[in-house]
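User: I would like to learn how to read a model like this one, feature by feature. Could you walk me through it?

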Amino acid sequence: MSLLERAGLVRQEGMGDDAAAPAIPPDDGSSPGAGPDTVADTQAAEPRPPAVAPAAEGQTLEQVYAAAQVPPCNYPAERLLRLLGGLSAMDEAMRRQTIHAIDAADESWTIDDPLSDAAAKVAAIEQHASGLRSGLGQAEQAAQAELAELRRKQDSAVAEIKRQIADLEGLMAREVTRGAQECAAVEAALQARREAVSQELGTLSRAASEFRVLIGQFKTNLTP
């Protein structure tokens, strides 16, 4: 009980949670020398966090821990989790007391070992997750840039095709007009020739008729 009391897992009668730890007033900048200007200067002087390098996807937890150089542990956090799972029938307070009792009985490890291991693995997981998010963000930026370039090329190609279509339509209209004008000119020339030939044929017909009358008057036996 003395060991568990020193570990903060159990307490004697009359001791509440408020007696376990003194209250710590919040830091509102009212301490000496910590006025608003000082707090603002401190916040302004804080360096920006470094950019997170993209992480490889599809890694196992073991690979994540190895990449983060998580040190080996005599009593890893996973082992403690399995032990807690085996004690799931107990309530939380009893489980904690049992774990500390086992810790006190076994000098090969302390409760700080799996806790430090868990903290290191949490940091490794968060670092890997940040790397995944960073890689995804870069991939999204690259994809957006590529999509914008593709859309620009598509718009340019469509505009060029529309310009060519407009030129072709103008050319077609000019060709239709020119063809109509040439056809009209040919038809007009043909009509003029028809009229000229008709007049000429009329003149020739009248002359031939006069000659026939003349021949008929003076030489009836002459073959036309």
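User: Let's begin with confidence. In which helix of the protein chain is confidence lowest, and in which is it highest?

Analyst: Good place to begin, as this is a predicted model. Where pLDDT is low, the predicted coordinates should not be read in detail. Here the lowest confidence falls in helix H2 (residues 17-20), with a mean of 38, and the highest in H7, with a mean of 92. Over residues 7-36 the pLDDT stays under 50, and the model has 17 contacts beyond four places in sequence for that stretch. The protein chain as a whole averages 78, and 74% of the residues score at least 70.

User: Thanks. How many helices and strands does the protein chain have?

Analyst: There are 7 helices and 0 strands. Reading along the sequence gives the pattern α-α-α-α-α-α-α.

User: And how do I judge the packing? What share of the residues counts as buried?

Analyst: Burial is one number to look at, and contact range is another. Of the 224 residues, 11% count as buried. Among contacts between residues at least 6 apart in sequence, 67% join residues at least 24 apart. The accessible surface comes to about 18100 Å², and 58% of that belongs to carbon and sulfur atoms.

User: Which residues make up the largest nonpolar core?

Analyst: The largest nonpolar core has 6 residues, namely Tyr75, Leu80, Leu87, Ile99, Trp109 and Ile111. Try selecting Ile99 in your viewer. Leaving aside residues up to four places away in sequence, Ile99 touches Leu80, Leu83, Leu84, Leu87, Trp109 and Ile111.

User: What about nonpolar side chains on the outside? Which residues make a nonpolar surface patch?

Analyst: Phe211, Leu214, Ile215 and Phe218 make a nonpolar surface patch of about 440 Å². Take Ile215 as the case to inspect: this residue is found in helix H7 (residues 112-218). Why can Ile215 belong to a patch at all? Patch residues need over 30% relative accessible area, and Ile215 is partly exposed at 35%.

User: Now the charged side chains. What is the general idea, and how many salt bridges are there?

Analyst: Side chains of opposite charge can pair when their charged atoms come close. In this model the count comes to 7 salt bridges. One of them joins Glu149 and Arg152, with the closest N and O atoms 2.6 Å apart. Both residues lie in helix H7, 3 residues apart, about one turn of the helix. As for exposure, Glu149 is partly exposed at 33% relative accessibility, and Arg152 is partly exposed at 48%.

User: Which residue does Glu160 meet in a salt bridge, and why can the two reach each other along the helix?

Analyst: Glu160 meets Arg163, at 2.5 Å from N to O. The two are 3 residues apart in helix H7, so about one helical turn separates them. Glu160 has a relative accessible area of 32%, which makes it partly exposed, and Arg163 is partly exposed too, at 43%.

User: Where does Asp167 come in?

Analyst: Asp167 forms a salt bridge with Arg163, at 2.8 Å from N to O. These residues are 4 apart in helix H7, so they too are separated by about one helical turn. Asp167 is partly exposed, with a relative accessible area of 40%. Elsewhere, salt bridges that share partners join Glu78, Asp117 and Lys121 into one network.

User: Lys121 caught my eye. How far apart are the C-alpha atoms of Ala66 and Lys121?

Analyst: They are separated by 9.9 Å, although the two residues are 55 apart along the chain. Ala66 is found in helix H4 and counts as exposed at 57% relative accessibility.

User: One last item, the backbone. What is notable about the phi of Gln69?

Analyst: Most residues other than glycine have a negative phi. Gln69 has a positive phi of about 60° although it is not a glycine. You will find Gln69 in the loop between helix H4 (61-67) and helix H5 (77-86). Is the residue buried or exposed? Gln69 is exposed, with a relative accessible area of 68%.

How values were computed
Residues numbered from 1 in each chain as written. Predicted model: local features only at pLDDT ≥ 70, side-chain atom pairs only at ≥ 80, totals over all residues. Heavy atoms only, no water. Buried < 20%, exposed > 50% of the residue type's maximum accessible area, 1.4 Å probe, protein only. Contact = heavy atoms within 4.5 Å. Areas by Shrake-Rupley, 256 points an atom, 1.4 Å probe, with all protein chains shown as cover. Patch = residues over 30% accessible without salt bridge, like charges linked within 9 Å, V, L, I, M, F, W, Y side chains within 5 Å. Salt bridge = Lys/Arg side-chain N within 4 Å of Asp/Glu carboxyl O. Core = buried A, V, L, I, M, F, W, Y, C linked by side-chain atoms within 4.5 Å. pLDDT = per-residue confidence, 0-100.
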